[in-house]
Amino acid sequence: MKRPIKIVFICLLLFHAINNILWLSIDGKQHIGCFVIFHLERAQEIHENINSQGYLHRITAMLAYLSPEQLSQKISSNLPSGYAIITLFLSQILFIPLHFIELTNLIYLAILLLSTYFLAKQLFDRKTALISIFLLSFYPYIYGMSRKFIAETALIAITASAYYFLVKTNYFKNIRSSIALGTVSFIAILIQPLYTAFISGGFLYSVFKIIQKKHTFLAKQLLNIFLCLLIAVSALFFAYEDLHNLKINLNNTFEDMYITATTFSKNFIGNADSGVNNLFLYASPNDHCPCTQVSDRGINLRCIFFYFTQMLDILSPLLGILFCISIFVTKSNSEKYPGAKTLLLFWIGISYLFLILMPQKWARFYTAAAPAMAILTSAGIMQIKKIKIRKIALVLLAFIAIVQFFFYSYILYPHTPPLCIIKEYINAHKPLKTNYSETALEIAKSIHLTAKDKSRIKIGFFSLVTFSDRFSERWYNDATYYFRFLLNLYKQPNACITLKWALSEEIIKEESYDYIILLQDNFILPEEISDNYELIDKAQLHPSEISVSHYKLNN
């Protein structure tokens, strides 16, 4: 990296670091999302186990969580704990507190920009590489996800790294780069197994070129492919303790994909959050997560174009249209790497085909194709032969990207990104203040002051929040889970908090809680319970307008 490039890279990273710190200091996580919470809770569980130790002991203790037993613990369905564990480990090294753990994503952002730069430089040239990292860092989903504790943030970075090493293998002639690719793939599978959908395109392209050219190094190339795959696949023994269940889940997934590909359907997929307004097929009443999206295992035009419209949201409509134009104007071969465009299109296209056949669809799943889109767009811009016109285009592009950044980050409300079929809170949006953290801290202080003599404190946390569009009372909601996270963050080590979804005299008698915390709306404590508990305080969570009451057991 030459000095001017280093300055540009540092300036980009500083720009996003300052904005992320500012954004996170304002945002109160009113809209956090279930998978963010699942990762946070896993990180919190580990943090509680190591927090009482000194710095060096904490780092050493974290190493024990890199074992197969710990990594294979699922945060939800079949997603391993890799992201939560690795990111918490990095945050401990850098002294980043748990409630600001999202700042650790700046490491992934730095890896993403570096990997994309060197990849674009390998495929095209230094100027294309520089434009690529600028564009990529100003895609709304990239900076939006860097403010969320979600595995796809790391997935994008590690996918870009994997493609860099794939190109460096020179069609698997280079053993060091092949081993590096296998190692990167190993880490990626631990973080988000969906990585396989993105690396498959590049891998298939390389194999195709090996067969096409009939290389004299075929034996060496086959050996390097074997080593790479051996290292990568060994991650499954860490990510999945029970390989028999993994086999069953893979069979079910491929069966769903096959049925989707061979069946025509009139229905699309649906998000239960928007069930009132959309004629989609929704999650079942037994499903406690409003984010679940299901299809009736068939394909249709809306299904086929789902990720295309989401791509316009990932990149933003203007930059998305620019990418689409670049596909047609970029030359098939670059001087440095013949077939550069084809490789990038394999990356974008194979993952697209894979994802539209998956039963669940989210825009964030496709973000790992964004580096390829940025490189192709930059290569398209560099096709403009007249230098003056190219410079004007670049200045205009930079102006649009920066203005758009501040619009998305500080003006656009959550859940309203343009051209979205199913809107996600993962995208960039303005920060929204809440009083969740302050309220949880006050409750924790109050409990600590009134329970000094107790060796163990039992706290019952009851979520009695109801919404008209919820299918069941146990349905996931952000306020409940995030408020529990905050209570656990601020509680004393001798306190134990249990989440319950129903309140009754039998539950109270059975558990013998020292304190009761009620997350409710228009709920009156039953007389048979209120006789034994004294109301300490009552507060209102803003802006969700949910009341929080906490009670102490009468002496």
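A salt bridge is a side-chain nitrogen of Lys or Arg within 4 Å of a carboxyl oxygen of Asp or Glu. Keep that in mind as we walk through this structure, which is a predicted model.

**Salt bridges**

How many salt bridges does the structure hold? The count is 7. Let's look at some of them, beginning with Glu102 and Lys29. Their closest N and O atoms are 3.4 Å apart, so the pair falls within the 4 Å cut-off. This pair joins distant parts of the chain, 73 residues apart. Glu102 sits in the loop between α5 (82-93) and α6 (105-123), while Lys29 sits in the loop between α1 (3-26) and α2 (34-50).

Are these two charged residues buried or exposed? Glu102 has a relative accessible area of 2%, so it is buried. Lys29 comes out at 9%, and that makes it buried too. The reasoning is simple: buried means under 20% relative accessible area.

Next up is Arg484, which forms a salt bridge with Glu41, with 2.5 Å between the closest N and O atoms. Arg484 belongs to helix α22 (residues 478-490) and Glu41 to helix α2, so this bridge ties together parts that are 443 residues apart in sequence. With a relative accessible area of 18%, Arg484 counts as buried.

Then there is Glu511, whose side chain meets that of Lys458 in a salt bridge, 3.7 Å from N to O. Here a helix is linked to a strand: Glu511 is in helix α23 (residues 505-511) and Lys458 is in strand β1 (residues 457-464), 53 residues apart. Glu511 is partly exposed at 22% relative accessibility, and Lys458 is partly exposed at 24%.

Here are the three pairs side by side:

| Salt bridge | N to O distance | Separation in sequence |
|---|---|---|
| Glu102 and Lys29 | 3.4 Å | 73 residues |
| Arg484 and Glu41 | 2.5 Å | 443 residues |
| Glu511 and Lys458 | 3.7 Å | 53 residues |

**A charged patch on the surface**

Where do Glu506, Glu527, Glu528 and Asp531 gather? They form a patch of negative charge on the surface. One of them, Asp531, is in the loop between α24 (527-530) and β4 (533-541). Its relative accessible area is 53%, so Asp531 is exposed. The cut-off behind that label is over 50%.

**Two leucines and their distant partners**

Now for two leucines. Leu344 is part of helix α18 (residues 340-356), and at 1% relative accessibility it is buried. Its C-alpha lies 7.8 Å from that of Gly202, although the two residues are 142 residues apart in sequence.

Leu441 is found in helix α21 (residues 436-450). At 31% relative accessibility, Leu441 is partly exposed. Follow the chain for 46 residues and you reach Leu487, with 7.2 Å between the C-alpha atoms of Leu441 and Leu487.

**Cysteines**

How many disulfides does the model have? The count is 0. To be counted, a pair of cysteine sulfur atoms has to be within 2.5 Å. As for the cysteines themselves, Cys228 is buried at 3% relative accessibility, whereas Cys496 is partly exposed, with a relative accessible area of 31%.

Notes: Residues are numbered from 1 along each chain as its sequence is written. This is a predicted model: local features need pLDDT of at least 70, side-chain atom pairs count only at pLDDT 80 or more; totals for chains, interfaces and linings use all residues. Side-chain values use heavy atoms; hydrogens and water are left out. Patches are made of residues with over 30% relative accessible area and no salt bridge: like charges are joined within 9 Å, nonpolar side chains (Val, Leu, Ile, Met, Phe, Trp, Tyr) within 5 Å. Accessible areas come from the Shrake-Rupley method with a 1.4 Å probe; for residues, only the protein chains shown count as cover. Lys and Arg count as positive and Asp and Glu as negative; His and the chain ends are not counted. The place of a charge is taken as NZ of Lys, CZ of Arg, CG of Asp or CD of Glu. Helices (H or I, at least four residues) and strands (E, at least two) are DSSP runs, numbered from the N terminus. Buried means under 20% relative accessible area, exposed over 50%, partly exposed in between (1.4 Å probe, protein chains only).
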